[in-house]
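Me: I'd like to go through this structure with you, mostly the charged pairs and then a helix. Could you start with any term I need before we look at residues?

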Amino acid sequence: MTSATSTAVAAELAGVSAVTILCHVRPDADTIGSGLALGLALDRLGAQVEVAFPDTVALPSPLGELPGAKLLVHERDVVGHPVVVSVDAASLSRLDSLTTVFAAAQRTVTIDHHASNLGFGDLDLIDPAADCTAVLVLSVLDDLGVTIDDEIATCLYAGLVTDTGSFRWARPESFRVAARLIDAGVDARAWSRALLDSHPFRWFQMVADVLGGAELVADACDGAGLVYAVVDHEVLSGMSWEEGESVIDIVRTANEAEVAAVFKETAPQTWTVSLRSKRTVDLVPIAGAHGGGGHRHASGYNDSGPADEVVARLVGSL
C-alpha cells in the first residue's frame, strides 16, 4: 500500500457537492474531532455534509459539545453520498454497521494514522508517524486553503490532546500544531479538562474495585512484565464506554510492567482488550495475532469466552 498525499486527498475533495464522513465504532475524540473538523471545512466550501458513527455505543458527552456537532446524523438517517471519507478507522471493520455505506460509495477516501491500516479506500492517506488522525486532517485542510478558525481548531485539538495523552507521548511536531490551534482560539484549559479530567463520582468506586483485582505477570514479554486488570460486564454496564476505557491509563503507570492490558466485558463473555506499552514492545504484531491492530504502543483486539480463558490467551501469547 502506498499512502496518498494530503494534496491528493485535498484535490479529491475540492469542489465535491456532497460528502459523507464516517467515524469508527466506539467513537473517541480523534475520530469525532477529525470528522467534524473536515465536515466544517467542506460545509464552508459549499458541500452538503453528513458525519456519522455506528451507534452501538453512545457518543461521549464532551464530544457532542464540539463545534460542528450539528453535522452529526444518526446512522439510520445516513444518506450515503457519492464521496465517502473514513477518518481514524484502522480497518473497514471498524466502521461496523456503516461498512455498507462506505462500500456503496462511488469514491472512497481513508485518513488514518494506525500502523496496522493497510488501506481500504480508493485514496488512502495513512501515516503511522502522525500522533493522531487530526494532524493529517489539518494537512488536508491546509491544502484545501481552508482558514483554521476557532471551531475547526477546537475539533482538531480534541483529537490531538487525547491521542497524545495530554502531550505525554507527543512528537515535537504535535507541540507546534497545538500552539497553532491555540493561537486560532482553542480554549485548551477547558477542553483538556472536559476531555481528560472529568469523571462522575461513581467512577472512583469502579476504579477502586478494578484496580483491587489487578495482576502483575513479571516474567511476561521476556521479563519486561505485564500488568492487567479486568472490568467485568456488571461493572462496565454501569459506566459509559469512555469511563471503562480510561482504566488503561491508570494501569499502564505500573513501574514493574512494560505492557499493560485491560479486559472490558462489553456483553456477557464478549471482550474488548486494550493494550499499551511504554518503550520497547511493539504491540501491533501482538494485537494482530489476536485479530486486532493499532499502533506500536497502543493497540487492541476483541475476544470472547470466560474471563480466565480470555486472560490466559493473552498471557500465554506473551
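Reply: One term first: a residue counts as buried under 20% relative accessible area, as exposed over 50%, and as partly exposed in between. Please keep in mind that this is a predicted model.

Me: Fine, so is Glu12 buried, exposed or something in between?

Reply: Glu12 has a relative accessible area of 22%, and because the partly exposed range lies between 20% and 50%, Glu12 is partly exposed.

Me: Which residue does Glu12 form a salt bridge with?

Reply: The partner of Glu12 is Arg107, and the closest N and O atoms of the two are 3.0 Å apart. The pair links distant parts of the chain, with Arg107 in strand S4 (residues 107-112) and Glu12 in helix H1 (residues 6-13), 95 residues apart. Arg107 is partly exposed as well, at 34% relative accessibility.

Me: How many salt bridges are there in the model?

Reply: The count comes to 13 salt bridges. Among them is one between the side chains of Glu245 and Lys264, at 3.2 Å from N to O. Glu245 lies in helix H10 and Lys264 in strand S8 (residues 259-267), so this pair ties together parts that are 19 residues apart in sequence.

Me: And how accessible are Glu245 and Lys264?

Reply: Glu245 is partly exposed at 21% relative accessibility, whereas Lys264 is buried, with a relative accessible area of 1%.

Me: What about Glu258, which residue does that one pair with?

Reply: Glu258 forms a salt bridge with Arg279, where the closest N and O atoms are 3.9 Å apart. Glu258 sits in the loop between H11 and S8, and Arg279 in the loop between strand S9 (270-277) and helix H12 (283-289), so the pair ties together parts that are 21 residues apart in sequence. Glu258 is buried, with a relative accessible area of 4%, while Arg279 counts as exposed at 61%.

Me: Which residues are linked in a network of salt bridges?

Reply: Arg44, Asp149 and Glu151 are linked in such a network.

Me: Changing topic to helix H8, which of its residues are buried?

Reply: In H8, which spans residues 202-212, the residues Trp203, Met206, Val207 and Val210 are buried. Seen down the axis of H8, these buried residues fall within an arc of 100 degrees, so they line one face of the helix.

Me: What covers the buried residues of H8?

Reply: The cover includes strand S7 (226-231), together with helix H9 (233-236), helix H10 (241-245) and helix H11 (248-251). Helix H10 came up earlier, as the element that holds Glu245.

Definitions and conventions:
Residues numbered from 1 in each chain as written. Predicted model: local features only at pLDDT ≥ 70, side-chain atom pairs only at ≥ 80, totals over all residues. Heavy atoms only, no water. Buried < 20%, exposed > 50% of the residue type's maximum accessible area, 1.4 Å probe, protein only. Helix = DSSP H or I, 4+ residues; strand = E, 2+ residues; numbered from the N terminus. Arc of directions from axis to C-beta. Contact = heavy atoms within 4.5 Å. Salt bridge = Lys/Arg side-chain N within 4 Å of Asp/Glu carboxyl O.
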